[in-house]
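Visitor: Could you take me through one part of this model up close? I'm new to this, so please explain the terms as you go.

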Amino acid sequence: MKVLLITSRFPWPPHSGDRLRALIWLEALRDAADVTLIAPEGSVPEEFAGLRHVELHSGPAAGIRATLKIAGRRLPVHTLMAGRYDWKRARAEAGDLRNYDALIVLLPRCEPWVRHWTGPARRIFDAVDALSLGMKERARAAFWPARPIWHLETLLARRLESRTVGHYDRIVVVNQSESGCFPDGAVTIRNGVELEPAATDGLRRFDFAFWGHLGYFANVDALELLLGTIWPRIRELRPTATLLIAGASAAASLRALDGKDGITIVSPMDDRSALLRQVRVALLPLRRGTGHSNKILEAAEASCAIAGSGLAFRGVGELTPGQIVDNDPINLAQRATALLDGDWQPAGETARTAVEQHHDRRQIRRRMLECVAGSLP
């Protein structure tokens, strides 16, 4: 089986959701298909030595052409993130598309530029998250002068999503609640998490942790709430409490907090699994964002107790038993602090059991293969 996978960002390192999603597809296909990856420049790891990589090249001319097409076809400006690449050249380098059994397009930003690519017997559009909901969240988070722009992006994203009907054999999302954004619905394939041996000791350096791509607007918003309201209250209740903040793209103002008020900043986070095994309680006061939170799965895999907002648990409700779900920041601070007195470890074990049962990435990879083969219900 020959598969062509298209994404607008190189999958390694998988510091963002779309990179991680591309990597999961590649892992699923590695032993079952001859894969060609169309993505920007990067160094393919040795374990994927058999992968053929067609590089996407950007340039001023491609950017100008994309801008004109976006205006003429009423596309979201967001699609310029992928439109600036020379897609005609990439298609030529990929070879005759009729030689491919399946085409997988990752993310709405890529979709308009490759919609007309025909040839493969099976076509899959993995939207990951519904772009229209993401733009709506951006509008909610924006200052009022910028809100009309984001509202327009929301409308254009809805139009783009509606136009995918009939072009693909399968449309895929990570969260069932976002399936309805597509007129004919979409199949849900979650990200899952790679299970490593469970942590068996309770010796952990950090009381609390928050992590993720620290430049992403939803994480920036959560950190503002965490550092402005929740963490001061926790330090009042527990002056010796410690907080780990980890992830790529930490701003200088955030890095300046390292070593102050019990806070440790790690950016980037090279070994997430090992680092989270040093954390007692995952503290996730998310108020923005779409899809579902990989943070919950990562915390559960590391046997952390979890204290978060209802939004943090979106799409992974089976992990809520035994955990703290509270949208009030002061209540969340108080209840999370109380976990340190001994209840964090049983809560972490409960979360680990749930993630083993429902979110093992081996199951996810099997579903992806079924999707490519056309046997997914």
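In what order do the six strands of the open sheet come, and is their pairing parallel or antiparallel?

Guide: Sure! First, this is a predicted model, where local features need pLDDT of at least 70 and side-chain atom pairs count only at pLDDT 80 or more, while totals for chains, interfaces and linings use all residues. Residues are numbered from 1 along each chain as its sequence is written, and side-chain values use heavy atoms, leaving out hydrogens and water.

Now the sheet: its order is E10-E9-E8-E11-E12-E13, and the pairing is parallel. These labels are DSSP runs numbered from the N terminus: helices (H or I) have at least four residues, strands (E) at least two. Two strands pair if DSSP finds at least two bridges between them. In general, strands of a sheet pair through backbone hydrogen bonds, either parallel or antiparallel.

At the edges you'll find E10 (263–266) and E13 (324–325), each pairing on one side only. Look at the E13 end: E12 (residues 305–308) runs parallel to E13, joined to it by two bridges. There, Gly308 stands opposite Val325 in E13.

Next, find helix H8 (residues 217–237), which lies across E8 (206–211), E9 (243–246), E10 and E11 (279–284). Contact here means heavy atoms within 4.5 Å. The helix runs at about 160° to E8; that angle, on a scale from 0 to 180 degrees, is between N-to-C directions of lines fitted to C-alpha atoms, for helices over the stretch in contact.
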